[in-house]
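The following questions and answers concern the model shown here. Each answer sets out its reasoning before it arrives at the value or name requested.

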Amino acid sequence: MQELLKRLTTTHYIKIERDSAVLQNRVKVDPLIKQLREAIFGEDGRNGGSGESRSRLPLSAPALDLYNAIEERVSEVWVQRFQRVPGIEHVEELLAEWAEGLEPITFVMHTVARYDRATKTVVSELTSTTVLAFLMQIEQDIVNLLERPTTQVPVTGPCPAVGCFATTITRDIDGELVTRPTLEFTREQRSGRTISVSCRTCEAEWDESRFREFAEALGRAERLR
Ligand SMILES: [Zn+2]
């Protein structure tokens, strides 16, 4: 469990394979939670506390959703253990403090939010899990997201699809209403190339071959606004 906690909360080393595993190198990497934060906002500012970061426009909406969900989960179990309001800003510090001295098999009660497609609402459930499983889930969620080949970038402006014209979309994330631009570019994580643009309100999508059409329609929609 210490290794797992280290990967999540401290700067650590990972092995990378080079030249068909003949050479194995150790590379120093940031805590996974910090990597996730950087996936949302770009490089951490000098005092990149979550409070300050929130006022910036997120680069990746899914990363923001996940970061918020993890922050919520960690704060919740921290408060249960220490019975006071956490005074630390970064989630990795909270998590390290919380897990310190806990046995891997200690049971943790926490709520998880799940999006119910049928009712289109966020449903919260109380869950019991061990400390180890709790940490593993957080790691898995972050790794899955960081390895995603594409990233979403919000675009301001009205959706030019016929009958839509939405500019923002509001969603309930962990009981908090979050408003974002409805239009999003899907970009390849590695190359930064934009592969499509879509609307989260009406689900219209334009691929590369229709970018010109999209730009013209967007121009018309903006003039009509
Ligand atoms: Zn739309």
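Q: Which residues of helix 4 are buried?
A: This is a predicted model, and burial is judged by counting C-beta atoms: a residue is buried if 20 or more others lie within 10 Å of its own. In helix 4, the residues that meet this criterion are A61, A63, L64, L66, Y67, I70, R73, V74, V77 and W78.

Q: How far does helix 4 reach from its first C-alpha to its last?
A: Helix 4 covers residues 61–82, a run of 22 residues. At 1.5 Å a residue, 32 Å would be expected. The span in the model is close to that figure, at 31 Å.

Q: Which helix gives the most to the largest nonpolar core?
A: The largest nonpolar core has 28 residues, and L36 and V74 have the most contacts inside it. Helix 1 (2–9), helix 2 (32–41), helix 4, helix 5 (91–99) and helix 6 (131–146) each supply at least two of its residues. The greatest contribution, nine residues, comes from helix 4.

Q: With which residues is V74 in contact, leaving aside its neighbours within four places in sequence?
A: V74 is one of the buried residues of helix 4, and it shares with L36 the most contacts inside the largest nonpolar core. Once neighbours within four places in sequence are set aside, the contacts of V74 are V91, L94, L95 and W98.

Q: How many residues does the other core have?
A: Another core lies apart from the largest one. Its members include C159, L183, C199 and W206. In total, the residues of this other core number seven.

Q: Which strands stand at the edges of the open sheet of four strands?
A: The strand order in this sheet is 5-8-9-10, with antiparallel pairing. A strand with a single partner has one side left without a neighbour in the sheet, so it stands at an edge. That description fits strand 5 (150–155) and strand 10 (205–207).

Q: Which residue in strand 10 stands opposite S196?
A: Strand 9 (residues 194–199) and strand 10 run antiparallel and are joined by three bridges. Opposite S196, the residue in strand 10 is D207.

Q: Is E216 buried or exposed?
A: E216 is found in helix 7 (residues 211–224). The C-alpha atom of E216 is separated by 8.9 Å from that of P160, 56 residues apart along the chain. Within 10 Å there are 11 other C-beta atoms, and a residue with 12 or fewer is classed as exposed. E216 is therefore exposed.

Conventions: Residues numbered from 1 in each chain as written. Predicted model: local features only at pLDDT ≥ 70, side-chain atom pairs only at ≥ 80, totals over all residues. Expected span 1.5 Å × (residues − 1). Pairing = 2+ DSSP bridges. Core = buried A, V, L, I, M, F, W, Y, C linked by C-beta atoms within 7 Å. Contact = placed C-beta atoms within 7 Å.
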